[in-house]
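Work through the three exercises below with the structure at hand. Each task is followed by a solution in steps.

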Amino acid sequence: MKKNLLALVLASAFAAGCATTDSSPGTATSPEALAAAEAAFRQIDWGFLQTYIGRQYSNDDGDLLRVTTAPAQGALHLSLYSVNDLRDSDRIGLVVRPTPSPDIFHLRIEKSGLFSDDQATVRFDDQGRMQVLSGSLNDLQLTLADDKAHFSYRASASAFRMTPKPLRRSLYTLNDGSVLPVSLDPDSPYQRLRAAGPFGTWEQVVGQTFVGQTILLKMEKDEAGQLAFVFMQLEETRPGRDVFSPPSGADPGAIGVVSLPNHPAGSFSTRQLMRNADDRIVHHYDTQGGTSRQHYINEGNAIRLISWDQRGDSDTARNNLYLPVTRERLAAAMENRERKKIEGERNRLYEEREAAERTQRSQATTDAILRGLASGFNQANQNNTRMEQQSLDFERNLNQKLQQIEQQKQQREREASVRADRIMAANTAAAQARTATPSAPSGIQGAQRKQEELRRQEEQRRDEEIRAAEQARLAREQQRAEEIRKKEELARQEKERQAQALQDHLSAERRAIRLQAMKCPAKGGLPSVIGIRPKVLPKVANCITVHFEARCPAERPGTGMTGSIWAYNGWGNCTESGDLPRQFACDVKDAVVEVTNVTTCQ
């Protein structure tokens, strides 16, 4: 309930395509007051936000972020609009006013009575991220950059939230391939282009044919000046037409609707119809079967149609992109159409077969009772076997049709090439006709070309700066990586050298050390091992452990007594000795003591 109430309050302001006005006492209303307010507004230094005034950002889902002026309020309006597949569209408006401190702004959420803590003092950091300095904006995240933007919002007072995908700068592509930034500034080249015809930038695509996944879309304009979206199946069957009439009054967005596909005039009731400042056509209407919402978005080199239909308890959302016809795109659409037909046939036959199986199972149960269980269920098994065979035949037939689609690919591509060439020639002719009789004054076109050239130069400069910065960054990273690699290599080599030096030293110690057996006092009569340690240079290991084997001369190596002397210094007397566990079988003076290994004390 809270969500529904909130949506009703917030959705109304989207209609104008720009900021709403504030009816508070501080709002200018008379012509003189408005003129004074506009003059005062022009004196405001918006700092960081100055660059973004009039800009629009959008994404492929149809979500929007707009920055517009409200001179009567001395404010900027940021409109955040989330489409949500048109199932549950939401909008919030942000009123931004300057403060005495540069680049510090006061921000308030419109319709604040539905929120708590909905205003704050904010600034934007170097990355364009909004930071709250004081106050609170619930959970509002906002980022503005030259070519992208992002926002998300969650109200603490209700379940209301908006989490669209990241946005990019809205652009309109002209017939010659040049690009105009979509701007809400009335003096911008984009708005001057819009003003050249009753349907704005839609005039630029009249006569053009676009292709979607399986459908062709042709833009037409009749003698009455009505704009038609003509949807055609690839088989060129009877097309469907969305027909809109031009504005009849002073409001350029107040277009009318004449007919819709399968809905002639009088069979539907329009709730809302508008053409926004970016030429997005928004239509919300009711029919006897339900309700529908449509968004028609013109990007110049692409047309996007977002729709939502509710019929009873079910609803369907669609997001269809139509691109200029090429051979490859038309061939892909023809293949998609064939596959879709086969999938539709498969689904239909599946439903028919399942219904038949349910009927046969019910009949088999009845027969089993009437004829006797044994004969009845035997008949049921026969029926099941027959249906399984029918299913196998059905799948085999469908697989053969799918294989035929692949086999007919070359033929389909030839047909697509011929048809695409014909459509592209018509598109080119329509574009040339518009060029020969331009709808926009030459001054505007010249300004557009000049601005486009400046934009290209600026983009090239920025690209070069970015490329140079990126190359410098990569060079620094490569240099750091090379330095780290060299240090690691030197450390590895040093470690190997030290390990080899230690091993060489221990081997030398093993060859130099001499051990012997003798009787030492206080050893319980058991023999011990003593020895000397000649000086081995360079001295790598300060503390060593000497491992030995002691045996009689007649015993084989490896069969004697083993032991070790830890922290061996080679003093050659009983103060440093290794104990043996038993007596020798020979005289202790004749015993043989061999150094088996020398290790460090660790």
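**Exercise 1.** In this predicted model, determine the strand order of the open sheet that contains E27, E26 and E29, and explain why one side of E27 and of E29 is left without a neighbour.

Solution. Step 1: the three strands are arranged in the order E27-E26-E29, with antiparallel pairing. Step 2: strand E27 (561-565) and strand E29 (592-600) each have a single partner strand and stand at the edges, so one side of each has no neighbour in the sheet. Step 3: from one strand to the next, the twist averages 25 degrees. Step 4: five bridges join E27 to strand E26 (residues 544-551) in the antiparallel sense. Within E27, Ile565 stands opposite Val546.

**Exercise 2.** Decide whether Arg169 is buried or exposed, and find the nearest side chain of opposite charge.

Solution. Step 1: locate Arg169 in strand E11 (residues 167-169). Step 2: Arg169 is buried. Step 3: the nearest side chain of opposite charge is Asp146, 4.5 Å away. A salt bridge requires a distance within 4 Å, so this pair does not qualify, and Arg169 has no salt bridge. Step 4: beyond four places in sequence, Arg169 touches residues including Arg55, Tyr57, Asp147 and Lys148.

**Exercise 3.** Which residues have the most contacts inside the largest nonpolar core, and which strands supply at least two of its residues?

Solution. Step 1: the largest nonpolar core has 31 residues, and Leu65 and Leu94 have the most contacts inside it. Step 2: the strands that each supply at least two residues include E2 (64-70), E4 (90-98) and E7 (130-137). Step 3: outside its neighbours within four places in sequence, Leu94 contacts, among others, Leu76, Leu78, Leu107 and Leu142. Step 4: a second, separate core of 27 residues includes Val182, Phe268, Ile303 and Tyr322.

Conventions:
Residues are numbered from 1 along each chain as its sequence is written. This is a predicted model: local features need pLDDT of at least 70, side-chain atom pairs count only at pLDDT 80 or more; totals for chains, interfaces and linings use all residues. Side-chain values use heavy atoms; hydrogens and water are left out. Two strands pair if DSSP finds at least two bridges between them. Helices (H or I, at least four residues) and strands (E, at least two) are DSSP runs, numbered from the N terminus. Axes are lines fitted to C-alpha atoms, for helices over the stretch in contact, and angles run from 0 to 180 degrees between N-to-C directions. Buried means under 20% relative accessible area, exposed over 50%, partly exposed in between (1.4 Å probe, protein chains only). Lys and Arg count as positive and Asp and Glu as negative; His and the chain ends are not counted. Contact means heavy atoms within 4.5 Å. A nonpolar core is a set of buried Ala, Val, Leu, Ile, Met, Phe, Trp, Tyr and Cys residues joined through side-chain atoms within 4.5 Å.
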